[in-house]
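Welcome! Here are two short exercises on how a protein chain is put together, each with a worked solution. Have a look at the structure, then follow along.

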Amino acid sequence: MKKLVLLAGDGIGPEIMAQAEKVLSQLQADGLAVTTQQANLGGCAVDAEGAPYPESTQQAVQNADAVLLGSVGGPKWDTLPRHLRPESGLLAIRKDLGLYANLRPVRVFPELADRSSLKQSIVEDLDLLIVRELTGGIYFGQPRGLREVDGLREGFNTLHYNEEEVRRIAHVAFRAAQGRDKRVCSVDKMNVLEASQLWRDVVEEVAAEYPEVSVSHMLVDNAAMQLVREPKQFDVILTSNLFGDILSDQASMLTGSIGLLPSASIRADGVGLYEPIHGSAPDIAGLDRANPIAMILSLALLLRHSLGEEAYAKKVEQAVAQLLSEGWRSADLSGKDEPFKTTNEIGDAIVGLLA
Ligand code: IPM
Ligand code: MG
C-alpha cells in the first residue's frame, strides 16, 4: 500500500488541503489503495513542535511514497530568526528528501483565457512547462549570512552549481520535452555569471544526448520579457532555482490566476512533494474563498508522478476542467462584484463529478 503524508501547513493551507482530502477519499472509495498520515510543516509546526520541519515530520516523510503540501508562511512568523521561519521548513524538506526537480506546468483553460492579464490571443492554448532546479543554486549556497564589514552591515549569499546538479535537472527537462513539443529553452544569465556559464555548457552536453529535442538558450531578463510578449514560443523552460521561482510566478498570471497552478518536486526514484505554487494567502485564510484548484491539481500530479496512477490523475484533471467549463469561478477568477463559488463548494462539486 502506498503511503502519503499530508502537510496542510499555514494560512489557506488547511482549507484547501481539506478539499484535496475529500477528493482523495472519493478516489479511495473508487479503489485507490493509499494510506494517509498528517504531519506539521511551517508555522504550525513552529507553534506545535518548536521547529518548522520538526523531527516527527522528518520521520513521517522519510518512508512516504509522496507528500502533499498546502502552503506555509504568514506574518505571525516573519520576525522569527531565519532558521525558525516557515519557509526554512519548506526548503529543508525539499533538501532533506533530495527533491531536485520542480515541475511547474502552465496551462490556460480555454474558458479562462479572458481572465488572463494579457490579451486572449497571446495566451489562448498556452501549454508550457517550467522545470526548475530546486535543491541548489543561491537558495542553498554557502557561505551566506549577515555580517559587518568596515562598519557597514552586509548581507551575502553564494550562487553555486556543480555539473552533476545541472546535468540531472537538464535530463529531467529533455525527457519531459520528449513527451511534449520537443523543445527546451534553457534560461540563464551567462553574460554575467560563471555559474550560468557552467549551466549553459552542461545543458549543451546533455542536449547532445537528445537529438530529437531542439535546445535554445535565453538570458533570464530576455526570458522574462518574452514570457509576456509571446509566451507560446516556449515548450519546456529549464532553469535554476531562483530564476525558476521568479519566472513561474510571472507565468502563472498568464493563466488568469496563480490559484490554478500545481507543482511537483521530485527525485529520480519517483518520491515527490506536491504543492500549489501559490503561498498561504493569510489575508483570506479561514474565509472559505481560497481557490482549491491548484491544490487539487497538485494531488493529480502526485497520482501521476509518484503513484503511477495515470487514470485517477486524468479523472481529477477532467473534473476540474469540466467544472471550469461549466462556468464555476472561485473568488480569484471573478470580477470585483461578481458572485463566486467558495472553497468548499468547489471541492464538493469536484467530488460530485468524480462520484
Ligand atoms: C515557491 C515559493 C518558495 C520558493 C518560498 C516559499 C520559499 O516561493 O515554491 O515558489 O521560493 O521556492
Ligand atoms: Mg515562488
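**Exercise 1.** Find how many residue pairs are in polar contact across the interface of domain 1 and domain 2.

*Solution.* The rule finds five such pairs, both residues at pLDDT 80 or more; a polar contact is a pair of N or O atoms within 3.5 Å, where one must be able to donate a hydrogen and the other to accept it, and residues adjacent in sequence count only if both atoms are side-chain atoms. Next, see which elements take part: α4 (86–96) and β4 (101–107) each supply at least two residues of the side of domain 1 that touches domain 2, helices (H or I, at least four residues) and strands (E, at least two) being DSSP runs numbered from the N terminus. Of these, β4 gives the most, with four residues.

A word on the model: it is predicted, so local features need pLDDT of at least 70 and side-chain atom pairs count only at pLDDT 80 or more, while totals for chains, interfaces and linings use all residues. Residues are numbered from 1 along each chain as its sequence is written, and side-chain values use heavy atoms, without hydrogens and water.

**Exercise 2.** Decide whether Asp235 is buried or exposed, and find its polar partners.

*Solution.* Start with the place: Asp235 sits in the loop between α8 (220–229) and β10 (236–239). Its relative accessible area is 4%, so Asp235 is buried (under 20%; exposed is over 50%, partly exposed in between, with a 1.4 Å probe and protein chains only). Now look at its side chain: a polar atom there lies 2.9 Å from the backbone nitrogen of Asp181 and a polar atom lies 3.1 Å from that of Lys182.

Key:
Chains lettered and ligands numbered in written order.
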